[in-house]
Structures are given as C-alpha cells and as structure tokens.
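Hi everyone, thanks for coming. Let's look together at how a protein sits against DNA, one strand at a time.

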Protein chains: 2
Amino acid sequence: MAEPKGSAPVFAALGDENRLRLVSRLCAAGPMSITRLTAGSNVTRQAITKHLHVMEEAGLVRGARHGRESVWQLDRRRLQDARHHLDLISKQWDDALARLRKFVED
Amino acid sequence: MAEPKGSAPVFAALGDENRLRLVSRLCAAGPMSITRLTAGSNVTRQAITKHLHVMEEAGLVRGARHGRESVWQLDRRRLQDARHHLDLISKQWDDALARLRKFVED
DNA sequence: TTCATATGCAACCTCCTGGTTGCAGGATAG
DNA sequence: CTATCCTGCAACCAGGAGGTTGCATATGAA
C-alpha cells in the first residue's frame with residue numbers, strides 16, 4: 001500500500017560490497033573520477049565503471065564529463081527514499097506489535 | 001571506517017520485488033506459513049521458499065516448524081542495522097557538505 | 001605535433017539467481 | 001488406516017551479474 005514500489009532497485013544497487021564501498025568513498029571524499037575510484041579498489045576500471053552505471057540506473061549516483069575525465073558524485077534523494085522505506089516498515093512493524101499486544105491483553 | 005561491513009547482504013536481500021513484498025506482508029500480517037505466503041503471490045511455493053531462505057541467510061527473517069507447516073516471521077535487528085547504515089551515510093554526507101561549504105566560504 | 005592519460009565499447013567467461021517441475025516424506029483429519 | 005495437506009530435496013534451465021581483456025578514441029601536456 002504505502003509501497004514506494006521502486007525501492008527494490010535501490011536496495012539491489014546497495015547490495016554489493018564494492019558498490020557500498022564506492023558510496024562510502026564518494027560520500028566521504030566527494031566527487032571523484034573513475035581512475036581515482038579505481039585506485040584503492042582491487043578490481044578493474046571497467047568493473048568500477050559498470051558498478052557506477054548500475055548505481056546511476058538506480059538513481060544513487062550521477063556522473064558528468066569534465067575534460068577528459070568523468071567525475072561521479074552521490075545523489076542523495078534515492079538514498080533517502082530507501083531510508084524512508086525502511087522507516088515505514090519499522091513503523092508498520094511497531095503497529096502490528098501494538099495490535100497484537102492489545103489483542104492478547106484483551 | 002564506520003563500515004558495518006555486513007550490510008551488503010541485507011541490502012541484497014531487500015533488493016528484490018518479491019522479497020520486499022514478503023517483508024511487507026510478514027510485517028503487516030504477522031507470522032505466516034509458506035502456503036499462505038504463496039497464496040497472494042504469482043510465483044511457486046518453492047520460489048517463495050528460496051526467497052525466505054535468502055532472507056534468513058541475511059538475518060532478515062526466521063522460520064520455525066509448527067506441526068506440519070513452517071511459520072516465518074520478521075527479525076527486526078538487521079533491518080535496523082540497515083537503517084542505521086543509511087543514517088550513517090546520510091550523516092557522513094552532511095558533514096562532507098558542511099566541510100565543503102566552510103572550505104569555499106573561507 | 002606527439003605522447004601519455006582517462007575513458008568508452010565490445011566480446012567473452014564463469015557463477016549465481018530466480019524460477020520451474022517432479023517426486024518423496026512427515027503430519028493431520030476422517 | 002488412508003487420504004490429504006504442507007513441506008523439503010534435487011535436477012534443471014535461461015538469463016543476468018560481476019569481472020576480465022583488448023582495442024579504439026578523445027583530451028591534455030610537452
């Protein structure tokens with residue numbers, strides 16, 4: 001019902017160690033080029049590129065060409081959507097517990 | 001650094017429409033048997049079973065045998081871990097923005 | 001111009017995933 | 001006891017994910 005309906009791709013995009021690390025780095029150090037992201041990772045530049053595109057597809061990140069390098073940065077909105085979704089689930093859960101308690105106590 | 005290091009599997013487990021729906025239903029209607037979960041879904045019972053096991057592996061859900069049926073319910077902890085992880089990222093992001101602003105203004 | 005750097009594109013490979021079907025077995029209702 | 005219901009297990013399949021290599025191309029530096 002209160003299902004944002006598009007959260008699954010975001011979670012899927014976050015469901016990979018390398019991608020989660022990319023998010024972390026982009027978050028902590030700000031926008032970065034692909035080669036800089038590749039340095040400090042144990043996979044190929046193309047792997048990084050693919051991950052970035054996956055996350056871009058999910059709306060987590062966006063990149064722009066600056067001269068001869070393409071710089072990527074976080075896009076916070078979908079991240080907050082995901083957070084909101086988890087909050088909804090938690091709240092729903094609490095309500096269910098409350099109802100159950102009331103039902104048992106009566 | 002502040003990397004919980006085990007969040008990726010949780011996000012991966014949430015990164016599927018069917019699984020997200022299962023979470024929603026278990027959350028809203030409480031513990032349920034596999035067949036009841038299968039009814040109201042457009043996939044096979046075995047598919048549901050597999051999804052449940054994936055989520056169990058991620059710590060999102062747990063099941064117990066009751067008589068001849070196995071009843072599954074949410075486990076909230078990992079869900080909150082994931083929420084916390086997203087919060088951390090958001091906070092880190094805010095800090096980065098603040099630092100950037102300060103740097104630009106000076 | 002010429003060379004080095006940063007990226008993009010495409011092919012290829014392996015393994016996992018989501019899904020199915022078929023069958024066997026344990027628990028219950030009559 | 002027997003039929004029925006709920007589940008588990010195993011095999012199987014198509015497609016996608018993550019990763020690599022090789023080559024082509026654009027941009028910046030000397």
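Around DNA strand D there are 20 residues, and A:Asn18, A:Thr44, A:Lys50, A:His51 and B:Thr35 come nearest; a residue is near a strand if one of its heavy atoms lies within 4 Å of it. Please keep in mind that this is a predicted model, where local features need pLDDT of at least 70, side-chain atom pairs count only at pLDDT 80 or more, and totals for chains, interfaces and linings use all residues. Residues are numbered from 1 along each chain as its sequence is written, chains are lettered from A and ligands numbered from 1 in the order in which they are written, and side-chain values use heavy atoms, with hydrogens and water left out.

Which part of strand D does A:Asn18 reach with a polar side-chain atom? That atom lies 2.8 Å from a phosphate oxygen. A:Gln46, in contrast, has a polar side-chain atom 3.1 Å from a base oxygen of strand D. From chain B, a backbone N or O atom of B:Ser70 lies 3.1 Å from a phosphate oxygen of strand D.

Now to DNA strand C. It also has residues around it, 20 in number, with A:Thr35, B:Asn18, B:Thr44, B:Lys50 and B:His51 the closest. Sugar and phosphate make up 61% of the strand C atoms within 4 Å of the protein. On this strand, a side-chain N or O atom of B:Lys50 is 2.3 Å from a base oxygen, while one of B:His51 is 2.3 Å from a phosphate oxygen. B:Asn18 places a polar side-chain atom 2.8 Å from a phosphate oxygen of strand C.

Key: Polar contact = N/O pair within 3.5 Å; in protein donor to acceptor, adjacent residues only side chain to side chain.
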